[in-house]
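Me: I should be grateful for a close look at one part of this structure. Please begin with the way the helices pack, and then go on to whatever else deserves attention.

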Amino acid sequence: MTATILLILILAALSAGSFGASPERFRHRLRLPQIAVPKSYKLFLKPDLENSSFSGSVEVKLRIVSPTHYLVMNAAELQIRSETVNYTAKGGSKVLQPVRSWNFPEDEIYVLEFHQKLPKGTGILAIGHFTGLMGNNLTGFYRSKYDVNGNDSYMAVTQFEPTYARQCFPCWDEPALKATFQVTLEVPSHLMAFSNMPILDEKHDGYMKTVSFQETPVMSSYLVAVVIGLFDHVEDQTSNDIIVRVYTPVGKATDGIFGLNVGVHSLEIYQRFFNIAYPLPKLDMVGIPEFDSGAMENFGLITFNSSLLYVTPESANLSKHGAADTIAHELSHQWCGNLVTMEWWTDVWLNEGFASWLSVYAVDQIFPEWDAWTQFATETTSPAFWFDALPNSHPIELKINHTRDIERAFDYAVYMKGPRIVSMLHTYLGSKLFQRSMASYIKTYAWSSATIHDLWKALEISSGKPVGRVMSKWTKQKGFPALTADVSSDNISLKLKQMPFGSGGTSRLWVIPVTVACNSYDAHHQFLLEQPEKLVKLKDLAGCSCTEVACPWIKINVNQTGFYRVRYSANLMTRLQSAATKKLLFKSDEFGILDDLRAFNGTPPASQPKKRSSPRV
């Protein structure tokens, strides 16, 4: 074979990509192939606020799982200079250049092909130059207009959840693919720059400065955060010396005092609840004027819609309640979501459902006069039931077929039904056992990822109760049960029957942790309803048996902690009406009885969820 023919064959092989399978096999996949796993990132970003653009570079330490010609990562709306890309294996002296690269915009992936197989083990992928636009869609790395002493200015801010880190830098943008991040920013000297960790070094060069931050602990790419702008701030610290700051508009530092107090108290509460210290040295909170959702729980640098962080002396109580709930919600994510992250977005309830419940837990301790639990029962019951009774409702564990489906997972199934399911789990286990079991779960999966199945398993081990058997259907199937309740003609038994609420048919069953109070809340009872019908002897329920004088009132679903409706017989309803007249029932139970009556009569719910572009917090 002549040298010319050999050269032609080599060039043809290069053109055909014959060193490995065709890169087309990486298209139209929901998740990245596990060819390589990121271990650490060194990220450099230089925003241009005037021209609404940015440039950057990144070095990623990778673990190559098996020898490969290809590296496949996420990238969206970025221009990557392929000639600046190379890979160096650990201990290797040879720097490998990719022979080809592909962008697949519809799949948001970037593929590199190498002539020589990358060996199994660790190495460094260097991407020396990429650029992007700081658009106005409030995702990725964008700019937000804000006021500085009466003048319009622009700040730079990130919003990476769920899949927008890839709009800022090439990365492995999946929650389970955790790594450390060392961020460096080049910004105008007069601006302040924040990221997840404290500043490590700052160097000035005329009108510009380079700010380097300490390396983060292991975390998901969607939690990386950057904010650049001008701010005032207020500061405090926890009992274990965690520095907490609220950054405010210039001249309005006092607007951050309320949020600062809620933040410090919330951190203290969650550290006790989980028996695990907040793992970062600082926590910053900053309001963003142009922000698509309520807030974002970035590790160590939480960003908020400004209206949900800043409170003035003139702010109405409703504004204070909303701010307190949102701040407590985001801080709980530092454990449920950041320290332990759902393995995939199907299980986003592990983040959001628990954070929504924990925020009530914290707010109730900070502001006991607000009666947060009653407010939780009355304000989430109707919207949660309303959503889940719709024909197009879906299970909490939502099947995701495409990246665009991920945003759909952040809806009222998670934010309304989700905390109601957590409330039922809390009642089933009891306060002390629930807290101990959740602390054990967080400790077991700290710095890692988990699925809902992992949660059930961890709670079963810690509590000794069949948590998975009881709870799994509540997250795997849509809808909820309705119980009919009556007493036998001889007043000896309580008769219960379950069926799906609405027109969902009769084939679905739930394992229902039923709670019952009889004539008093001093001692209420709990048992599981697993079959379609159940008879419960009243003599086995203290205070439930009839006397010669009267029969007791019987309230099912005490404090409305269970996610089911109850239709009482006329006999039982008469007794409850009498109890309500005598002010013997909890406010939440009075509300629940009326709300159930409205639902069974086909009356619109007392409150429906407001239409919002995104309920995400």
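Reply: In this predicted model, the axes of helices H4 and H5 come within 9 Å and cross at roughly 150 degrees. Because an angle over 145 degrees counts as roughly antiparallel, H4 and H5 may be described in that way. On the H4 side, the residues that meet H5 are Trp 357, Val 360, Tyr 361, Val 363 and Asp 364. Their counterparts in H5 are Ala 372, Trp 373 and Phe 376. Sorted by class, this contact has seven nonpolar residues, no polar residue and one charged residue. The charged one is Asp 364, because Asp belongs to the charged class.

H4 also packs against another helix. H4 spans residues 349–366 and H8 spans residues 452–463; their axes lie 10 Å apart, at an angle of about 55 degrees. That angle makes H4 oblique to H8. Here Trp 349, Leu 350 and Phe 354 of H4 meet Ile 452, Leu 455 and Trp 456 of H8. The contact of H4 with H8 comprises six nonpolar residues, with no polar and no charged ones.

From H5 the chain leads on to a loop. Asp 411 is found in the loop between helix H5 (372–388) and helix H6 (412–429). With a relative accessible area of 15%, Asp 411 is buried, because the cut-off for that word is under 20%. Asp 411 and Phe 387 are 24 residues apart along the chain, and a distance of 9.7 Å separates their C-alpha atoms.

A further helix carries an annotated residue. Glu 330 lies in helix H3, which covers residues 317–332. An unreviewed UniProt entry gives the annotation "active site" for Glu 330. How accessible is Glu 330? Its relative accessibility is 0%, so Glu 330 counts as buried. If neighbours within four places in sequence are left aside, Glu 330 is in contact with Ala 295, Met 296, Glu 297, Ile 302, Phe 304 and Val 617.

Helices may pack on strands as well as on one another, as the following sheet shows. Four strands form an open sheet in the order S28-S25-S24-S30, and their pairing is mixed. Strand S28 (533–537) and strand S30 (565–568) stand at the edges; each has a single partner strand, so one side of each is left without a neighbour in the sheet. Neighbouring strands here are turned by 25 degrees against each other on average, with direction ignored. S25, residues 493–500, runs antiparallel to S28 and is joined to S28 by five bridges. Within this pair, Lys 497 stands opposite Glu 533 in S28. Helix H10 (residues 570–581) packs on the sheet and touches S24, S25 and S30, its direction making about 90 degrees with that of S24. Helix H11 (residues 587–600) packs on the sheet too, touching S24 and S30, and its direction makes about 80 degrees with that of S30.

Another antiparallel pair consists of strands S17 (residues 232–237) and S18 (residues 243–248), which six bridges join. In this pair Gln 237 stands opposite Ile 243 in S18. S17 and S18 form a hairpin with five residues between them, and Asp 241 in the turn has a positive phi of about 70 degrees.

That value leads to a general point about the backbone. Most residues other than glycine have a negative phi, and most peptide bonds are trans. Two further residues and one peptide bond may be considered in this light.

His 28 has a phi near 60 degrees, a positive value in a residue other than glycine. His 28 lies in the loop between helix H1 (3–16) and strand S1 (36–48), and its relative accessible area of 61% makes it exposed. Leu 138 has a phi near 65 degrees, which is also positive. Leu 138 belongs to the loop between strand S9 (121–133) and strand S10 (140–148). Is Leu 138 buried or exposed? Leu 138 is buried, with a relative accessible area of 17%.

Finally, the peptide bond from Glu 161 to Pro 162 is cis, with omega near 0 degrees. Pro 162 is located in the loop between strand S11 (151–159) and strand S12 (180–188).

Technical notes:
Residues numbered from 1 in each chain as written. Predicted model: local features only at pLDDT ≥ 70, side-chain atom pairs only at ≥ 80, totals over all residues. Heavy atoms only, no water. Pairing = 2+ DSSP bridges. Helix = DSSP H or I, 4+ residues; strand = E, 2+ residues; numbered from the N terminus. Axes fitted to C-alpha atoms, helices over the stretch in contact; angles between N-to-C directions. Contact = heavy atoms within 4.5 Å. Buried < 20%, exposed > 50% of the residue type's maximum accessible area, 1.4 Å probe, protein only. UniProt positions renumbered as here; feature names shortened; annotations may be inferred. Parallel < 35°, antiparallel > 145°, perpendicular 65-115°, else oblique.
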